[in-house]
Amino acid sequence: MAYRNGIVRILCLVVLALIWELVSQSGWVSSQLLPPLSEVTLTAYQLIQTEEVQINLASTMIVVFSSFITAVVIGIPVGIMIVSNCYWKKVLMPFVMFPLGIPKSIFLPVFLLVFGIGFGQRFAFGVFSAIFLVIMNCGTAISSVQPSHLFTARAYGASMGQISRYIYLPAMLPTILEGLRLTMIFTQTGVILAEMYASRTGVGTLLNNWGEAYQISNLLAGILLISLFSICINEAFIWFERRLMGAYE
């Protein structure tokens with residue numbers, strides 16, 4: 001079933017690529033607005049070999065991974081502390097949910113004023129974009145543990161280590177792993193938005209510069225490279241999740 005789904009996805013991508021190429025080559029849409037996919041692909045290949053793109057891509061990757069790790073390291077303990085106490089859960093969870101329901105880009109001017117233009121602004125906004133999702137996901141994972149299972153384990157004299165190993169971890173692991181994958185997506189979005197808003201380095205800055213200079217081929221090639229980068233990270237998380245769940249079972 002999974003193999004068939006993969007084949008269908010590939011066929012859909014091939015059809016979309018052919019439509020893009022035909023629409024541009026036939027003149028239905030001006031090639032100045034939508035260059036052929038073949039041209040965009042060649043441009044992407046040429047760009048990835050340039051020192052400018054490599055440096056800016058590395059800069060973005062460093063900020064993304066550092067923001068992701070920071071959000072996870074801070075968010076998981078905070079989420080556990082909030083959810084473990086019924087009082088603080090009722091008081092603080094609305095403040096956690098609030099940023100998830102509004103566009104975070106409206107806070108970019110605040111981060112720019114506080115941190116200035118540079119690594120700090122991109123890093124802080126990346127953490128801000130992801131940490132509330134980590135806290136909420138951690139709370140959801142803990143809430144998925146059945147109280148009856150805990151009661152039964154304690155009744156049979158299970159230690160805290162055994163309860164954590166055989167009850168908490170199996171119940172929480174799927175939610176936590178899925179949440180980490182979504183957290184990475186949120187982090188990438190936040191960092192690239194911060195770079196496009198105001199930054200001297202990063203792929204977001206390059207996209208902004210190419211758009212302002214009306215370099216459509218470079219712009220679409222940059223979008224293609226970022227998309228491939230994001231897909232690779234997402235697939236790596238899915239692979240790791242399957243391996244970990246398979247080993248645990």
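User: In this predicted model, is Phe123 buried, partly exposed or exposed?

Analyst: The model is predicted. Buried would need under 20% relative accessible area, and exposed over 50%. Phe123 has 23% relative accessibility, so it counts as partly exposed.

User: Which residue forms a stacked aromatic pair with Phe123?

Analyst: The partner lies in helix H6, as Phe123 does, four residues apart, about one turn of the helix. The ring centres are 5.6 Å apart, with 10° between the planes. Planes under 30 degrees apart count as stacked. The partner is Phe119.

User: How do the rings of Phe111 and Phe125 pair?

Analyst: Phe111 is in helix H5 and Phe125 in helix H6, 14 residues apart. Both are buried. Their centres are 5.3 Å apart. The planes meet at 85°, and over 60 counts as edge-to-face. The pair is edge-to-face.

User: Which helix gives the largest share of the largest nonpolar core?

Analyst: This core has 26 residues, and Phe125 and Val96 are among those that touch the most other members. Helices H3, H4, H5, H6, H8 and H10 each give two or more residues. The largest share is nine residues, and it comes from H6.

User: How is H3 oriented to H4?

Analyst: The two helices pack with their axes 6 Å apart, at an angle of about 130°. Their contact includes Ile82 of H3 and Val96 of H4. Roughly perpendicular ends at 115 degrees and roughly antiparallel starts over 145, so the angle falls among the rest. That makes H3 oblique to H4.

How values were computed. Residues numbered from 1 in each chain as written. Predicted model: local features only at pLDDT ≥ 70, side-chain atom pairs only at ≥ 80, totals over all residues. Heavy atoms only, no water. Core = buried A, V, L, I, M, F, W, Y, C linked by side-chain atoms within 4.5 Å. Buried < 20%, exposed > 50% of the residue type's maximum accessible area, 1.4 Å probe, protein only. Axes fitted to C-alpha atoms, helices over the stretch in contact; angles between N-to-C directions. Parallel < 35°, antiparallel > 145°, perpendicular 65-115°, else oblique. Contact = heavy atoms within 4.5 Å. Phe/Tyr/Trp six-rings, centres within 6.5 Å; stacked < 30°, edge-to-face > 60°.
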